[in-house]
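Open the structure in your viewer and keep the sequence panel beside it. The tour goes from the whole chain to single residues.

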Amino acid sequence: MTTSGYATYDEAKRRKPVRWWHEAIIDDMLQYPRSTMKERSVRLKYSVDYLSLVMNTDMFRAFYEER
């Protein structure tokens, strides 16, 4: 078992809700409100295209509004 508590990456994807990732992005947005998408993508280690895709989902927008 890994230190994350999941035996494999697939198990982590299966058991861990998507919400944790949405909250991580929102935390970054709140901490660095003037950041560009490129700067944010470097910090979060994902492509600009992927972050844009996630941030434009209804689920992400709902969590963002909630925060």
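The stops below each give something to select and then say what is there.

This is a predicted model, in which local features need pLDDT of at least 70 and side-chain atom pairs count only at pLDDT 80 or more, while totals for chains, interfaces and linings use all residues. Residues are numbered from 1 along each chain as its sequence is written, and side-chain values use heavy atoms, with hydrogens and water left out.

**Whole chain.** Select the protein chain and colour by secondary structure. There are five helices and zero strands, in the order α-α-α-α-α along the sequence. Helices (H or I, at least four residues) and strands (E, at least two) are DSSP runs, numbered from the N terminus. Of the 67 residues, 27% count as buried; buried means under 20% relative accessible area, exposed over 50% and partly exposed in between, with a 1.4 Å probe and protein chains only. The accessible surface comes to about 5,300 Å², and 54% of it belongs to carbon and sulfur atoms. These areas come from the Shrake-Rupley method with a 1.4 Å probe; for residues, only the protein chains shown count as cover.

**Helix H4.** Select residues 48–55, which make up H4. Which residues of H4 are buried? They are Leu51, Val54 and Met55. Seen down the helix axis, the buried residues of H4 fall within an arc of 95° (taken from the directions from the axis to the C-beta atoms), so they line one face of the helix. They pack against H2, helix H3 (37–44) and H5. Turn H4 over: the face away from its buried side carries the exposed residues Asp49 and Leu53.

**Tyrosine 50.** Stay on H4 and select tyrosine 50, which is partly exposed at 33% relative accessibility. Add Tyr46 and Leu53 to the selection: with Tyr50 they form a nonpolar patch on the surface, with about 300 Å² of accessible area together.

**Histidine 22.** Move to helix H2 (residues 19–31) and select histidine 22. Histidine 22 is buried, with a relative accessible area of 4%. Beyond its neighbours within four places in sequence, histidine 22 is in contact (heavy atoms within 4.5 Å) with Val54, Thr57, Met59, Phe60 and Phe63.

**Phenylalanine 63.** Finish in helix H5 (residues 58–66) with phenylalanine 63, buried at 14% relative accessibility. Not counting residues up to four places away in sequence, phenylalanine 63 touches Arg19, His22 and Ile26. Put a distance label on phenylalanine 63 and arginine 19: they are 44 residues apart in sequence and 8.1 Å apart in space, C-alpha to C-alpha.

Terms used. Patch = residues over 30% accessible without salt bridge, like charges linked within 9 Å, V, L, I, M, F, W, Y side chains within 5 Å. Salt bridge = Lys/Arg side-chain N within 4 Å of Asp/Glu carboxyl O.
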